[in-house]
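Biologist: I am new to this model and would like to learn how its descriptions are justified. Could you take me through them step by step?

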Amino acid sequence: MFTRIEYKGTLEEQYNLLSKQLAALLEGEEDLIANLSNASALLNQFLTDINWVGFYLMKNGELVLGPFQGLPACVRIPVGRGVCGTAVEKGETIVVDDVHQFPGHIACDARSNSEIVIPLVKNGEIIGVLDIDSPLKNRFKQEDRLGLEKFVQTLIRYI
């Protein structure tokens, strides 16, 4: 049974605990959709000031919507388009402080003002992305980037 906990300490310590919590939550489960669903729910309860968190998975050369928390979202995103597609094309995490300044931004939720996208890399191949949106500009700091990249590294072991 999952018990909501209070995260204390520095942001780095909180992210470390979050990654440990994710590992405990996913231990013994091999189903991709179940694990991504729980990962998005865990992030949704941990992160503040966000309005969407979820996954897009690579299928037939494009990103397709996977498990998420938030309003209904765009279903398909071509590689190279928007923040998610650009993260796949570049093969790196992208932090956008103001999505309205990002060329080709795809606005699924008009309330979103900043975004972070982390590629999911397994065996050297990008299999999808973690996408998180916030209604605040400049929401995602370096500590968030590092903590979320660690979260994704933990997740990859279970998918």
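Modeller: Here is a walk through the fold, two of its helices, some loop residues and the cores.

Modeller: Please keep in mind that this is a predicted model.

Biologist: What does the secondary structure of the chain come to, and what pattern does the chain follow?

Modeller: There are four helices and six strands. Read along the sequence, they follow the pattern α-α-β-β-β-α-β-β-β-α.

Biologist: How do you know whether the radius of gyration agrees with a compact globule?

Modeller: We set the value against the globule rule: for 159 residues a radius near 15 Å would be expected, and the chain has 15 Å, so the two agree. Along the principal axes, the C-alpha trace spans about 40 × 35 × 25 Å. Buried residues account for 48% of the chain.

Biologist: How does the span of helix 2 compare with the one expected?

Modeller: Helix 2 covers residues 32-46, which is 15 residues. From first C-alpha to last it reaches 21 Å, close to the 21 Å expected at 1.5 Å a residue.

Biologist: What happens at the start of helix 2?

Modeller: There, a side-chain oxygen of Asp31 comes to within 3.1 Å of the backbone nitrogen of Ile33. The cut-off for a polar contact is 3.5 Å, so this pair qualifies on distance.

Biologist: Which residues of helix 2 are buried, and what do they pack against?

Modeller: The buried ones are Asn35, Leu36, Ala39, Ser40, Leu42, Leu43, Gln45 and Phe46. Their packing partners are helix 1, strand 1, strand 2, strand 6 and helix 4. A general point helps in reading such a list: with 3.6 residues a turn, residues three or four places apart in an α-helix point the same way.

Biologist: What makes you call helix 3 largely enclosed?

Modeller: Seven of the nine residues in helix 3 (residues 82-90) are buried, so the rest of the structure largely encloses this helix. They are Gly82, Val83, Cys84, Gly85, Thr86, Ala87 and Val88. Around them, strand 1, strand 2, strand 3, strand 4, strand 5 and strand 6 provide the packing. Just after helix 3, Gly91 takes a positive phi of about 70 degrees.

Biologist: Why is Asp49 called partly exposed?

Modeller: Partly exposed lies between 20% and 50% relative accessibility. Asp49 has 44%, so that label fits. Asp49 sits in the loop between helix 2 and strand 1, and has a positive phi of about 55 degrees although it is not a glycine.

Biologist: And why does Asn60 count as exposed?

Modeller: Exposed means over 50%; Asn60 has 83% relative accessibility, so it counts as exposed. Asn60 belongs to the loop between strand 1 and strand 2, with a positive phi near 50 degrees.

Biologist: Which residues touch the most other members of the largest nonpolar core?

Modeller: In that core of 29 residues, they are Leu18, Leu43, Leu130, Ile132 and Leu155. Helix 1, helix 2, strand 1, strand 5, strand 6 and helix 4 each give two or more residues to this core. Apart from this core lies another, of 16 residues, including Trp52, Tyr56, Leu63 and Val129.

Biologist: What is Leu155 in contact with, leaving aside neighbours within four places in sequence?

Modeller: Leu155 is then in contact with Leu22, Leu26, Asn35, Leu36, Ala39, Phe55 and Leu120. Of these, Asn35, Leu36 and Ala39 are among the buried residues of helix 2.

Definitions and conventions:
Residues are numbered from 1 along each chain as its sequence is written. This is a predicted model: local features need pLDDT of at least 70, side-chain atom pairs count only at pLDDT 80 or more; totals for chains, interfaces and linings use all residues. Side-chain values use heavy atoms; hydrogens and water are left out. The expected span of a helix is 1.5 Å times one less than its number of residues. Buried means under 20% relative accessible area, exposed over 50%, partly exposed in between (1.4 Å probe, protein chains only). Contact means heavy atoms within 4.5 Å. A polar contact is a pair of N or O atoms within 3.5 Å; within protein, one must be able to donate a hydrogen and the other to accept it, and residues adjacent in sequence count only if both atoms are side-chain atoms. The radius of gyration is taken over C-alpha atoms; the globule rule is 2.2 Å times the number of residues to the power 0.38. A nonpolar core is a set of buried Ala, Val, Leu, Ile, Met, Phe, Trp, Tyr and Cys residues joined through side-chain atoms within 4.5 Å.
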